[in-house]
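Visitor: I am new to this structure and would like a close look at a single part of it. Please take me through that part slowly, in one connected account.

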Amino acid sequence: MNPILIEAWGRKVDPREIFLEGSKTMVIETEDSRLAGFYNFIEDETVLHLNVIVIDTPYQGTGVAESVMRELEQTARQRSCSEIRLNVQTNNSRAIRFYEKMGFVQVAAPFLNTIPMSKKVMTTAKNCQSGSG
């Protein structure tokens, strides 16, 4: 398996995160159409939940992750979601700092070595609406 599919922020990717019923997987491509990674999210009422984001090593630290998070926030707005949630491993300080920089805050105590984080999205509607990303 390609290394890009094996790790997400320093942890093994659980295939169940990618193939959840109702989830959507988006490919991350560079301007010259090279595969840089992928991310997967699912909608739940008023929340867009980021299941996994994987960025290939050469593209880490180049702004790709920031672009993905801005795109995910735009998707949440388009679908009238009021919040984006994710879980990050407690031992992954790099990812925690990244998400904090992107405006996410810890919303609960760590559980099973993960920290639940959330970011509010400004929207006026009450429910997420299904649609393509």
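My way in is the sheet: which residue in β4 is the bridge partner of E29?

Guide: The bridge partner of E29 in β4 is L35. Before going further, please keep in mind that this is a predicted model, and that what follows is a description of that model.

The bridge between E29 and L35 belongs to the pairing of β3 with β4, two strands that run in the antiparallel sense and are joined over six bridges. These two strands are part of an open sheet of six, whose order is β3-β4-β5-β6-β8-β7 and whose pairing is mixed. At the edges of that sheet stand β3 and β7, the latter made of residues 105–106, and each of the two pairs on one side only.

Two helices pack on this sheet. Helix α3 touches β3, β4, β5, β6 and β8, and its direction makes about 160° with that of β5, while helix α4 touches β5, β6 and β8, its direction making about 165° with that of β6.

Moving along the sheet to β5 and β6, we find two strands that run parallel and are joined by three bridges. One residue pair to look for here is H49 with its bridge partner R85 in β6. To get from β5 to β6 the chain passes through α3, and the β-α-β crossover made in this way is right-handed. R85 also has a bridge partner in β8, namely S118, and this second partner belongs to the pairing of β6 with β8, where seven bridges join strands that run antiparallel.

The helix in that crossover deserves a slower look. Helix α3 covers residues 64–78, and its 15 residues reach 21 Å from the first C-alpha to the last, which is close to the 21 Å expected at 1.5 Å a residue. Its buried residues include V64, V68, M69 and L72, and also E66, E73 and T75. Taken together, the buried residues of α3 pack against β3, β4, β5, β6 and β8, and against the helix α4, which spans residues 93–101.

Just after α3 comes S80, which takes a positive phi of about 60°. In the loop between α3 and β6 lies C81, and because its relative accessibility is 0%, under the 20% that marks the limit for a buried residue, C81 counts as buried. Although C81 and K120 are 39 residues apart along the chain, their C-alpha atoms are separated by 8.9 Å.

The aromatic rings complete the picture, and the structure holds three aromatic pairs. A pair of aromatic rings is described by the distance of the centres and the angle of the planes. For Y39 and F41 the centres are 6.2 Å apart and the planes differ by 25°, and this pair is stacked; both residues are buried. The rings of Y99 and F104 have their centres 5.7 Å apart, and their planes stand at 70°, over the 60 degrees that serves as the cut-off, so this pair is edge-to-face. Y99 has a relative accessible area of 4% and is therefore buried, and F104, with a relative accessible area of 4%, is buried too. Ring pairs also bring in F98, linking F98, Y99 and F104 into a cluster.

Technical notes: Residues are numbered from 1 along each chain as its sequence is written. This is a predicted model: local features need pLDDT of at least 70, side-chain atom pairs count only at pLDDT 80 or more; totals for chains, interfaces and linings use all residues. Side-chain values use heavy atoms; hydrogens and water are left out. Helices (H or I, at least four residues) and strands (E, at least two) are DSSP runs, numbered from the N terminus. The expected span of a helix is 1.5 Å times one less than its number of residues. Buried means under 20% relative accessible area, exposed over 50%, partly exposed in between (1.4 Å probe, protein chains only). Contact means heavy atoms within 4.5 Å. Two strands pair if DSSP finds at least two bridges between them. Axes are lines fitted to C-alpha atoms, for helices over the stretch in contact, and angles run from 0 to 180 degrees between N-to-C directions. Rings of Phe, Tyr and Trp (its six-membered ring) pair if their centres lie within 6.5 Å; planes under 30 degrees apart count as stacked, over 60 as edge-to-face and the rest as tilted. A crossover is right-handed if, with the strands pointing away from the viewer, the path from the first strand over the helix to the second runs clockwise.
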